Structures are given as C-alpha cells and as structure tokens.
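Me: Please explain how the descriptive terms applied to this structure are justified.

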2 protein chains.
Amino acid sequence: MIAIFDSGLGGLTAVRELRSLVPGASYIYFGDTGRVPYGTRSRSTIIKYALQDMRFLLAAERDISAVLVACGTVSSTAMDVLRESFRLPIFGVVETAAAAAAAATKNNHVAVIATAATIRSGAYERELKRIKPGIKVTAKACPLFVPLVENGFTGGDPITKMVCERYLSPVRESGADTCILGCTHYPLIRDEIAEALPGVTLIDAGAEAVKAIVPYCQGKDDVSPRYFVSDDPEAFEQFAKRLLGGDWVGRAELVDIEKY
Amino acid sequence: MIAIFDSGLGGLTAVRELRSLVPGASYIYFGDTGRVPYGTRSRSTIIKYALQDMRFLLAAERDISAVLVACGTVSSTAMDVLRESFRLPIFGVVETAAAAAAAATKNNHVAVIATAATIRSGAYERELKRIKPGIKVTAKACPLFVPLVENGFTGGDPITKMVCERYLSPVRESGADTCILGCTHYPLIRDEIAEALPGVTLIDAGAEAVKAIVPYCQGKDDVSPRYFVSDDPEAFEQFAKRLLGGDWVGRAELVDIEKY
C-alpha cells in the first residue's frame, strides 16, 4: 500500500501516473483541501502541515510500504524533517525530477518553475548542482498557477495563457532547454506552459517520482484506493472523476486534519 | 478596543477606513494568513475557522467592546453561530452593505460580487430582499480575485483587468446600477473593477461596516494597535505598511490558531 499526499488536488496527477504504470496499485491519498495552497506559506507552517498529513496517513492505514510526497512545496521544504520523524521510505518529487532534467538537458541549462516556497527553498537548484556541478539553473516562482488550476482556468483559457506568458517569458529568454514542472498542479496546464516554452523539454516532477515508487507497489492489487480530504469531499470527487476518468472508484472522506 | 479579523490581508482595507474615520481608534487585528483563502472552503470549515479566530481574539485581549468580522465569507456564513456563541456586539459586513446598496440604487437592481462561499450562502441577496422586497439582485462569484490580490496583481495589472472583464461582463450586462464589493480584498482592485463596470456605484462592504462600529471606538485612543497572523508576519507587515502608510506602528505577531 502506497500513501500519497498533497496540499490539495495536484497530487492526483501523480495518482494518474501511478495508475497508468501499475494499474492495480493500491494506495491511500490525502489532499489537504482545507488548507491549500501550501506554496505561499512559511517554512515552519509547511513543516507543521506535512507532519500532520503524515500522522494522519499512518493512523488511517497500518500497511503502508512507502510514502509519496506528491507536493512540490513539501518535497522541497520538509523532507529532512519527515525522514527524521518517520521510519519508512519517503519519496519526494525533487530528486527524481532533478535527475531526469540533468539527463535530458543538452545545453546544460535547466529551468525550474514552482510555487514561491519551493523556489525560495532552492531545493531543485541544490539537487541539480549536486548531480551536475557545472549546470546552469534558472528558477521562477509562479504563485498564481495553483489558484488558476484550483478555480478551473484550464483547457486553454486565455487568462492562463497570459499568466504563463508573464511568468515564463524570462524562462524562455534564459535559453534553458529543459524545464522542471516542480509542482504537481502544473501538469494540469501543461499545454499552456508548453506553448509559452516552445522547444523546451518539460519534466513532470510528480510523474518522475512515481517511477521511483513503483517497486513498492507490487503484489498488492486487490484493495480499493481510499481518498481523504480536509474540506469539501464532493468538489474533490468531481475533480478526481474528471482527471482519472472511469478508473475512479470510490468516495472521498472528510478528515479533521488539525487533530493530528 | 475593537477586535477585527479576516481570513488574511483583506480586512486591512477596513482597518484603513477605521483609522480614517477615528484616527485614534484602538484595535486588535487577526489575519488568518496560514489558512487563507476562506472563500473556497465549505460552510463547516468556515464556521470552525471563525470560532477559532474569535476564541483567539477574546483570549488575547480582555477589553473588547465589539468585534468587526472584516471577512465577507465569514460574515455571510457564520454570523448566526458567532452571535450564539459569544455575548458581545459582533458586526459583519453584509447588513450594512445591503442597506447602503438598497439606498443607493435608483433602478432597484443591485449586483453582488464576492467569493464562491459568500455567493453560495445567498446572504447579501436575502438581506437586500428583507430591506426592499421588490429589489432585483444579480450575484457573481469571483474566486480568482483574492489570489490575484494576495499575489500582487494590483495597480492596473492587465491580467487582473482581463479577469475583471471575464467575471464582470455579465454583471455589467445585467443592468444593475449598484454593485456591492462583498469581500474586503476587493477594494484593493477597485479601479480595475470600476473600469469593467462603468457608471455603476460601488459599495465597499468593509467601509460600510466600519461606520456601524464607530460608536464602539470612542474614548480609547491611547493604546497602540496590535496585529496577529497565523503565518508569515514579515509579509503581512510589508503589506500593511504599504496599505496603511506612515500610520502603521508596530509588528505582527505569530499565532498558532489551530490551538484555539
């Protein structure tokens, strides 16, 4: 059983990848929809929320083989604390995305787009330079992307295209040939991002992390997935059904996350 | 001493009005910046947060004469619960704004723009129809306005203008001659809203509520205001300094709101 959590809906893009790679994978998902977004909050608040999310998942399910932190903000801010606090394999999205980007870039110049907290943390940049010391990194915070996605400005919306142009024109002009989508919400506006970054290879951080967690999925395909949220299960269910399509089987349950 | 609270920064527009009407007013402010926005959350979550906000204010300060709920979402969703739970005068922004709009409209047609939760509550509409039974009301949720303001897309930003056009063209076409800004963030993009609604009288719900609370302010002008937030006091201080100008005197303190 894999445990997956995110600040809200974005982590479902990683669930989609997981279901595509391992169709029978059993997992439990928590989306902190009562406190989304994480990416504009301070480091101490993000750590507090991440610890609560983990405690809830471990209380809800005893048979967890690994945890996927499907939230770029937590992955870049709280992994040390999580790994010190909990003795099981915990995967974030930073290391695998950095490795994929370092392998993909031909001109040794990678861009990272993510929430304000992720960019402020410098986590992607550190990891890229650890793997490839001479690599050039261009980082750009895109704080309006998550609200745009959460409020349905997707599917080629001209407002989202305009925000993409605002945030991404410096990335385009930097000359980076590879760009990490460092937040799991961003694949939901991948086409709009691609339009603003023609010719640039996009690395989906959530999808890369899912590849690393596949070994922990095997042999457990007979349990239905469970979904938990901290607010508005109906809205979450609707979104999940749209994103995951007919594969979606189940209801989202409400959690009082502040108790954990 | 007045207690004022909001989901985040928006309530400071009401503070600005209060300081303009009663320059020496003493007050305590709480902004729930760790859980903003409220307007996309469910009713039960909004009520839980509002109760915690009130409990914190009453614990922080004994000498509170009245409370201003400077949050359109709480004002439209949780006033009954707050008034049942706490025995002191509590003012929301709905009643006074509805009264001002009912007085201002010449064609008996008022529009309300606010967060999704406020519009869903129907509170402004009910109050307008209670005052003026034959009044026509056009309501429009504008869920991206708060993230735009919180992320600095102000000062005539073309993206904000485009979002205004998207949300407000149906309001303009409805023929309403008066529009309530039902969220205290909205005065921060008042010019952009006015441009999309030419000839329409705008009613600032926070400013109208402040007028009602003035009687509770008198004779207490010797205490410095205090500001509390649930995340990132530095960002709050910077914003408050920009908004309140040289009048700003003091620091924002961090609160663990989930304890209340």
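**Terms and their grounds**

Reply: In helix α7 (residues 123-131) of chain A, the buried residues are Ala123(A), Tyr124(A), Glu127(A) and Leu128(A). This is a predicted model, in which local features need pLDDT of at least 70, side-chain atom pairs count only at pLDDT 80 or more, and totals for chains, interfaces and linings use all residues. Residues are numbered from 1 along each chain as its sequence is written, with chains lettered from A and ligands numbered from 1 in the order in which they are written.

Me: Why are these residues of α7(A) called buried?

Reply: A residue is buried if 20 or more other C-beta atoms, placed from the backbone, lie within 10 Å of its own; Ala123(A), Tyr124(A), Glu127(A) and Leu128(A) are therefore classed as buried.

Me: What puts them on the same side of α7(A)?

Reply: They cover an arc of only 130° around the axis, so they lie on the same side of α7(A). The arc is that of the directions from the helix axis to the C-beta atoms.

Me: Why is α1(B) called oblique to α12(B)?

Reply: Helix α1 (residues 12-21) and helix α12 (residues 233-244) of chain B pack at about 40°, with their axes 10 Å apart. Angles under 35 degrees count as roughly parallel, over 145 as roughly antiparallel, 65 to 115 as roughly perpendicular and the rest as oblique; the angle of about 40° therefore makes α1(B) oblique to α12(B).

Me: Which residues of α12(B) make the contact?

Reply: Ala240(B), Leu243(B) and Leu244(B) do so, together with Leu12(B), Val15(B), Arg16(B) and Arg19(B) of α1(B); contact requires C-beta atoms, placed from the backbone, within 7 Å.

Key: Axes fitted to C-alpha atoms, helices over the stretch in contact; angles between N-to-C directions. Helix = DSSP H or I, 4+ residues; strand = E, 2+ residues; numbered from the N terminus. Contact = placed C-beta atoms within 7 Å. Buried ≥ 20, exposed ≤ 12 C-beta atoms within 10 Å, placed from the backbone.
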